[in-house]
Amino acid sequence: RESDHRAWTPVTYTVTRQNATVQGLTEGKAYFFRIAAENIIGMGPFTETTKEIVIRDPITVPDRPEDLEVKAVTKNSVTLTWNPPKYNGGSDITMYVLESRLIGKEKFHKVTKEKMLDRKFTVEGLKEGDTYEYRVSACNIVGQGKPSFCTKPITCKDEIAPPSLDLDFRDKLIVRVGEAFSLTGRYSGKPTPKVTWLKDDIVVKEDDRTKIKTTPTTLCLGILKSVREDSGKYCVTVENSTGSRKGFCQVNVVDRPSPPVGPVIFDEVHKDHMVVSWKPPLDDGGSEITNYIIEKKDAHRDLWMPVTSATVKTTCKIPKLLEGREYQIRIYAENLYGISDPLISDEMQAKDRFRVPDAPEQPIIKDVTKDSAVVVWNKPYDGGKPITNYIVEKKETMATRWVRVTKDPIFPSTQFKVPDLLEGCQYEFRVSAENEIGVGDPSPPSKPIFARDPIAKPSPPVNPEAVDKTKNSVDLSWQPPRHDGNGKIIGYLVEYQKVGDEEWKKANLTADSCPETKYKVSGLTEGLTYKFRVKAANAAGESEPAYVPDPVEVKDRLEPPELILDANMAREQHVKAGDTLRLSAVIKGVPFPKVSWKKEDHEVSPKADIEVTGVGSKLEIRNTVHEDGGIYSLTVENPAGSKTVSVKVIVLDKPGPPRNLQISEVRSDSCYITWIEPEDDGGSVITNYVVERKDVASPQWVAISSSSKKRSHMAKYLMEGTQYLFRVAAENQYGRGPYVETLKPIKAIDPLHPPGPPKNLHHVDVDKTEVSLVWNRPDRDGGAEITGYLVEYQEDGADEWTKFQTVPMLDCVVTGL
């Protein structure tokens, strides 16, 4: 019977077996069934199904999943996908089970998590180089179905494939201004390549007009409303660890050209025509200029008339003009994509505007010799037509007729060497300029000049004098002549004469052997007296002699030593440690004095470099240390006397270590540190002291004061029971000196004192040989726990006490009495 009916319906046939098939049931309806046994006597009681049965196809486990595929492999993971089974067994799939087997092992192991319904899974945490095979099963309410077919063995390693690039665009692309364009393509590679767009080797960035879209397989660069500046060589690079591929496209965004570049230049202006020129547009619009359109207009009318529209030159002849009228010219540039805005000229009157050149300015004459002179002039205004020639003329000052100096053209040089002059004659020169119109007016005449060689003998040298002498030589000095005769002084001749003789002897044979204004005359005889004279010489010859005023007696000159101190030899010289100490002085004296350096009356350090020259001495010590300080003295001595100077040198350095470091007043949380200043302050006032502490168990020093000017410090915030070391260093403006450290650790505890006396000592029992004593604790324990009580006794009348024993408690029985 149906579950919602009460009436039972018999099944149409009788069965003799213990099972039966009931036909004609409706799928989805619920039924109850009953059965009774029958024999020849009759039918027995019915037995009924306990619960209704819904009619549907039988439920089995699902079929095996389909199309198990490996999508990605790395060195430590595998990604797999699959499709559902063709038949789910009559019940919805509740989960998938993915299993793996390491090649070489027998068993499969489950790798998916519970209740996984996704059909994609990445197995992670694998070992690089291992090889696995995989299978997947589907589960429904009945159970787990058959597994799928296994994958091929998969080895864990990074998949590598070089990039590939398939472009949808050609090598060249032409786009009109304002239009959009895009560059697209496809790419692949493992690992996934990086895509980079470049324009003229510069990375392209997205903005309002530029859009870049990249998917795992496609790439696209799009530009909206293109402008001329978008032209360029575009490059897309697809790159991964295995290599790279590039694609190129030369994009040309084209437009009509910009206007020609002005101003319009009127190269020629005539009464009936003009010749104008201009410069090409700065921007040709990305396409070659095909022609220029030139128009003209009478300045007093509004009508523009065509001249030509078929020229590619940047110059044009404007014909058919009316003399005296003013005209304007306008010029357009044209390419394949349009016509530019116009370039309009200034107004220009149609009339002849060329004439002969102006007269040059007065010429200048230079480099005059006995038969030639160089004429120099400035270029005059050319009259509107280029100058083609200059005409140079000469005449003797007293004559009236001008004569051309040459029939050859003189151009473009603006100077000319005039030949064939008569020596001693006085000449004037003038210049005219010539162009295609004709010859202009001549220049004013030049200043008169005489044709003669310029060099004369020099005047005598000035103020010769004897500046030094020895027993066999005399040093002379003088100034150059006042007039060099217009020739270079090539040198001087020095002569000497023994007093009483008539003959002058040459000290040097040629003038060029004494080019300077001094000379040492040597080889003289000691004790004799000599006269001296000097002549100057140039290419024209020797000057008159100049005489040393007084005769000179030849003998050694004695001058006591003289010291001229440099700035570094002041009374006190400070030098920073590590720097270089330099002491120097200029030394004079005849003969040159003997030089000696001392430090504190001893020889100076071997590291000192001492240099003595003919004019002075220098002492230098590199990388100075504190010990280089002291009093340095420089002594110079010759037969005429001696002189000594001293300088105190202070080498400024870091101070030495503080002294006598003491720790006192130790408490559980503090102690008092004292010291005295270093023996050596480094030459500079000690600015402060640095105090540091260190727990003996720690490697690190900790600063507890870094700015104290006092020579003591209270170290606070110690931890009770901890052992500490302390150290102190002094500082001055040149640095921190070495530390002085406590010799042994200081333990942070309060100081101990002996305890006070026990109180209320009395006996509580007495026997013939012993006494029982009790007492109370003392008022003070001295800062530490009481460890015991010492019991002593004394026989009455005796002087000394006898120790009995030390007890820990507050009572004791004294025995043996």
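1. Before we start: a salt bridge here is a side-chain nitrogen of Lys or Arg within 4 Å of a carboxyl oxygen of Asp or Glu. Asp-283 and Arg-228 make such a pair, their closest N and O atoms being 2.5 Å apart. It joins distant parts of the chain, 55 residues apart: Asp-283 sits in the loop between strand S22 (274–279) and strand S23 (291–298), and Arg-228 in the loop between strand S18 (218–223) and strand S19 (232–240). Asp-283 has a relative accessible area of 25%, so it counts as partly exposed. Do keep in mind that this is a predicted model.

2. A search of the whole structure turns up 29 salt bridges. One to look at is Glu-2 with Lys-29, where the closest N and O atoms are 3.5 Å apart. Both residues belong to the segment before strand S1 (30–31), yet the pair links distant parts of the chain, 27 residues apart. Glu-2 is at 19% relative accessibility, and the cut-off for buried is under 20%, so Glu-2 counts as buried. Its partner Lys-29 is partly exposed, with 37% relative accessible area.

3. Now for Lys-598 and Glu-603, which also form a salt bridge, with 3.2 Å between the closest N and O atoms. Lys-598 comes out as partly exposed at 28% relative accessibility, while Glu-603 reaches 59% and counts as exposed. There is a network too: Glu-495, Arg-533, Lys-535 and Glu-542 are joined by salt bridges that share partners.

4. On to the nonpolar side. The largest nonpolar core has 20 residues, and the members touching the most others are Leu-583, Trp-597, Leu-619, Tyr-632, Leu-634 and Val-649. Two or more residues come from each of strand S48 (581–590), strand S49 (594–599), strand S52 (616–621), strand S53 (630–638) and strand S54 (641–652). If you want a residue to click on, Leu-634 is in contact with Leu-563, Met-569, Ala-585, Val-595, Ser-596, Trp-597, Lys-643, Thr-644 and Val-645, leaving aside neighbours within four places in sequence. Another core, of 19 residues, lies apart from that one, and includes Ile-387, Val-392, Tyr-427 and Val-431.

5. Not every nonpolar side chain is tucked away in a core. Ile-59, Val-61, Ile-141 and Val-142 make up a nonpolar surface patch, together offering about 340 Å² of accessible area. Val-61 belongs to the loop between strand S4 (53–54) and strand S5 (66–73). With 33% relative accessibility, Val-61 is classed as partly exposed.

6. Ala-333 is part of strand S26 (residues 326–335), and its relative accessible area is 0%, so it is buried. What is Ala-333 in contact with, once neighbours within four places in sequence are set aside? The list is Pro-257, Ser-258, Pro-260, Pro-281, Ile-289, Asn-291, Tyr-292, Gly-338, Ile-339 and Ser-340. For a sense of scale, the C-alpha atoms of Ala-333 and Pro-758 are 126 Å apart in space, and the two residues are 425 apart in sequence.

7. Is Ser-372 buried or exposed? Its relative accessible area is 5%, so it is buried, even though it lies in a loop, the one between strand S30 (364–366) and strand S31 (373–376). The Ser-372 side chain has a polar contact of 2.8 Å with the side chain of Thr-369. Not counting residues up to four places away in sequence, Ser-372 also touches Asp-367, Lys-417, Val-418, Pro-419 and Leu-421.

8. Finally, the backbone. Most residues other than glycine have a negative phi, and most peptide bonds are trans. Here are some exceptions. The peptide bond from Lys-190 to Pro-191 is cis, with omega near -10 degrees, and Pro-191 falls in the loop between strand S14 (181–190) and strand S15 (194–199). From Phe-411 to Pro-412 the bond is cis as well, with omega near 5 degrees; Pro-412 is in the loop between strand S33 (403–404) and strand S34 (415–418).

9. As for phi, Asn-660 has a positive value, near 55 degrees. Asn-660 lies in strand S55 (residues 659–664) and is partly exposed at 47% relative accessible area. Glu-665 has a positive phi too, near 50 degrees. Glu-665 is placed in the loop between S55 and strand S56 (671–676), and its 46% relative accessible area makes it partly exposed.

Note on methods. Residues are numbered from 1 along each chain as its sequence is written. This is a predicted model: local features need pLDDT of at least 70, side-chain atom pairs count only at pLDDT 80 or more; totals for chains, interfaces and linings use all residues. Side-chain values use heavy atoms; hydrogens and water are left out. Patches are made of residues with over 30% relative accessible area and no salt bridge: like charges are joined within 9 Å, nonpolar side chains (Val, Leu, Ile, Met, Phe, Trp, Tyr) within 5 Å. Accessible areas come from the Shrake-Rupley method with a 1.4 Å probe; for residues, only the protein chains shown count as cover. Helices (H or I, at least four residues) and strands (E, at least two) are DSSP runs, numbered from the N terminus. Buried means under 20% relative accessible area, exposed over 50%, partly exposed in between (1.4 Å probe, protein chains only). A polar contact is a pair of N or O atoms within 3.5 Å; within protein, one must be able to donate a hydrogen and the other to accept it, and residues adjacent in sequence count only if both atoms are side-chain atoms. Contact means heavy atoms within 4.5 Å. A nonpolar core is a set of buried Ala, Val, Leu, Ile, Met, Phe, Trp, Tyr and Cys residues joined through side-chain atoms within 4.5 Å.
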